[in-house]
Amino acid sequence: MVLRFFILIALFVLLSCSSDTATQSEQSVNVQTEEEKIVEPVQVPEKIYGFLKKDYTIVRDTVKNGDFFGKIMDKHHVTPQKVYQITQQIPDSVFDAKKINVGNAYTILKSNDSLAQPEVFIYEHDLANYSKVYIGDSIYAERDKKPVEIRQRIATGTIDYSLSAAIENANIDYALTNKMANIYQWTIDFFKLQKGDRFKIIFNEKYIDDTIYAGLKDVEAVLFEHRNRKFYAFEYMTDSVNKRTEYFDEKADNLRKFFLKAPLNYSRISSRYQKRRYHPVQRRVKAHKGTDYAASRGTPIWSTADGVVTISSYSSGNGKYVKIRHTRKYSTQYLHMSRRAVRKGQYVKQGEIIGYVGSTGLATGPHVCYRFWVNGRQLDPYKQDLPEAEPMADSLKTKYLNFIAPIKQKLDSIPYQNHDELNLAQL
């Protein structure tokens, strides 16, 4: 009896060990199975302009002096007959073979075999836009663009000498100089900035391929402190259909006035409105009923307000000139153009190019004579109480003030940098 009891105990122990071993083995198998389920990361095939790199032999180059499309194609063994087909079959709007510029990059994708036949010619018009010309069995082309990343940035600056110097010291795009001058052209005279004036700015930049800077996109907000006064500017879309944006201050007042202060970017006023002036061409004293802005030949001239072109013509005294009626009360005139860019009856917007600086007519050098008419009389625009721009609709004000509230808070919280090389940071 005792013997049977010990035998049973022994069997129980053996079975338990066997069961534990089996369980451990099963767990081991399960662990192994889980390990076998781990999936390696999928390798995404590398592409160039949308093509798989592995499928082609890639040739990169830039247009050199003396290069033209046919010469480049000949260098890569594309026959003159095929070049002719390309120039005839592909619209200039997609790729104009006659207009490839020195310094622009191009890429040729060749077949990945012993023949290495060119299959695609890719021409970069600029950093973002390019044309793909298919030169294989079928000849066609398409325009495309690289993905552009928009990055929001901030900067601050202090005026020591000029706005452009402050922009340069901040190590940001010089285009911001003109942009700020345009935003504040009705409220701040940037030729009369004082040392110690300063600004904060929130703006957006464009980047291609993560590292290639592609220029300024827009300016969201600015705070410019001039003569101890704060001038806010916030960009706001007032016309969603035409995508028209304008700049308003913290009270929803439009920074734009009805008239621009000047009809162009100018270097200096060479002659102001005056009742008696010695005319350098006619060599006699007479009234000068305009304001002369000296500028380089070919400088764009723009309309100082919205209006309709009433005259686009030529006369021996005025040279090539344009006259625009803005309201029943106001008209403006622009003289001595090298070329006119508008026609009679055309509607133009404020800031739209209407011609280019020249010296036609009675002029000794390139400039534009800007004449200002009030109720049919020529007067000095600098002495007129000019109308404001159209105010923001009351229905938009609450929405606008809610829109700018967090932007203004962010702008106000940006600390001014005092060191020479300003620290730019992404918001």
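# A tour from Ala116 to Lys344

Start at Ala116, which counts as partly exposed at 26% relative accessibility. The model you have open is a predicted one.

**Stop 1: Ala116 and its loop.** Keep Ala116 selected and show the backbone. Ala116 sits in the loop between strand S4 (105-111) and S5. What is its phi? It is near 50°, a positive value in a residue other than glycine. Most residues other than glycine have a negative phi. The accessibility of 26% lies between the limits of 20% for buried and 50% for exposed, so Ala116 is classed as partly exposed.

**Stop 2: the five-stranded sheet.** From the loop, widen the selection to the sheet. In which order do the strands of this open sheet run? The order is S3-S4-S5-S6-S7, and the pairing is antiparallel. At the edges are strand S3 (56-62) and strand S7 (139-145), each of which pairs on one side only. From one strand to the next, the twist averages 20°.

Helix H3 is the next selection, residues 80-89. Helix H3 packs on the sheet and touches S6 and S7. The direction of H3 makes about 60° with that of S7.

Now select residues 118-124, which are strand S5, and residues 129-135, which are strand S6. Five bridges join S5 and S6 in the antiparallel sense. For one of the partners, click on Phe121: its bridge partner in S6 is Val133. In general, strands of a sheet pair through backbone hydrogen bonds, so the backbone atoms are the ones to display here.

**Stop 3: salt bridges.** Switch to the side chains of Lys, Arg, Asp and Glu. How many salt bridges does a search of the whole structure find? It finds 17. The selections below include some of them.

- Select Glu46 and Lys53. They form a salt bridge, with the closest N and O atoms 3.1 Å apart. Glu46 is exposed, at a relative accessible area of 54%, whereas Lys53 is partly exposed, at 27%.
- Select Lys54 and Asp55. Their side chains meet in a salt bridge of 3.2 Å, N to O. Lys54 counts as exposed at 60% relative accessibility, and Asp55 as partly exposed at 36%.
- Select Asp61, Lys64 and Lys75. A network of salt bridges links these residues.
- Select Asp210 and Arg151. Their side chains meet in a salt bridge, 3.1 Å from N to O. This pair links distant parts of the chain, 59 residues apart: Asp210 is in the loop between S9 and S10, and Arg151 is in strand S8 (residues 148-158).

Is Arg151 buried or exposed? At 17% relative accessibility, Arg151 is under the 20% limit and therefore counts as buried. Asp210 is partly exposed, with a relative accessible area of 48%.

**Stop 4: Arg227.** Go on to the loop between S10 and S11, where Arg227 lies. Arg227 is not a glycine, yet its phi is positive, at about 55°. Its relative accessibility of 46% makes Arg227 partly exposed.

**Stop 5: helix H6.** Select residues 394-413, which form helix H6. H6 has 20 residues and reaches 29 Å from its first C-alpha to its last. That is close to the 28 Å expected at 1.5 Å a residue. Where does H6 kink? The kink, of about 35°, lies at Ala405, shortly before the proline Pro406.

Next, show the side chains of Tyr400, Ile404, Ile407 and Leu411, which are buried in H6. What covers the buried residues of H6? The cover includes strand S9 (198-208), strand S10 (212-226), strand S11 (229-239) and strand S12 (244-248). Two of these strands, S10 and S11, flank the loop of Arg227 visited above.

**Stop 6: Lys344.** End at Lys344, found in the loop between strand S20 (330-340) and strand S21 (347-348). Is Lys344 buried or exposed? Its relative accessibility is 65%, which is over the 50% limit, so Lys344 counts as exposed.

Show what surrounds Lys344. Leaving out residues up to four places away in sequence, Lys344 touches Val309, Thr310 and Ser312. For a final distance, pick the C-alpha atoms of Lys344 and Lys323: they are 8.9 Å apart in space, while the residues are 21 apart in sequence.

Key:
Residues numbered from 1 in each chain as written. Predicted model: local features only at pLDDT ≥ 70, side-chain atom pairs only at ≥ 80, totals over all residues. Heavy atoms only, no water. Helix = DSSP H or I, 4+ residues; strand = E, 2+ residues; numbered from the N terminus. Expected span 1.5 Å × (residues − 1). Bend = angle between axes of the 7 residues up to and from the residue. Buried < 20%, exposed > 50% of the residue type's maximum accessible area, 1.4 Å probe, protein only. Contact = heavy atoms within 4.5 Å. Pairing = 2+ DSSP bridges. Axes fitted to C-alpha atoms, helices over the stretch in contact; angles between N-to-C directions. Salt bridge = Lys/Arg side-chain N within 4 Å of Asp/Glu carboxyl O.
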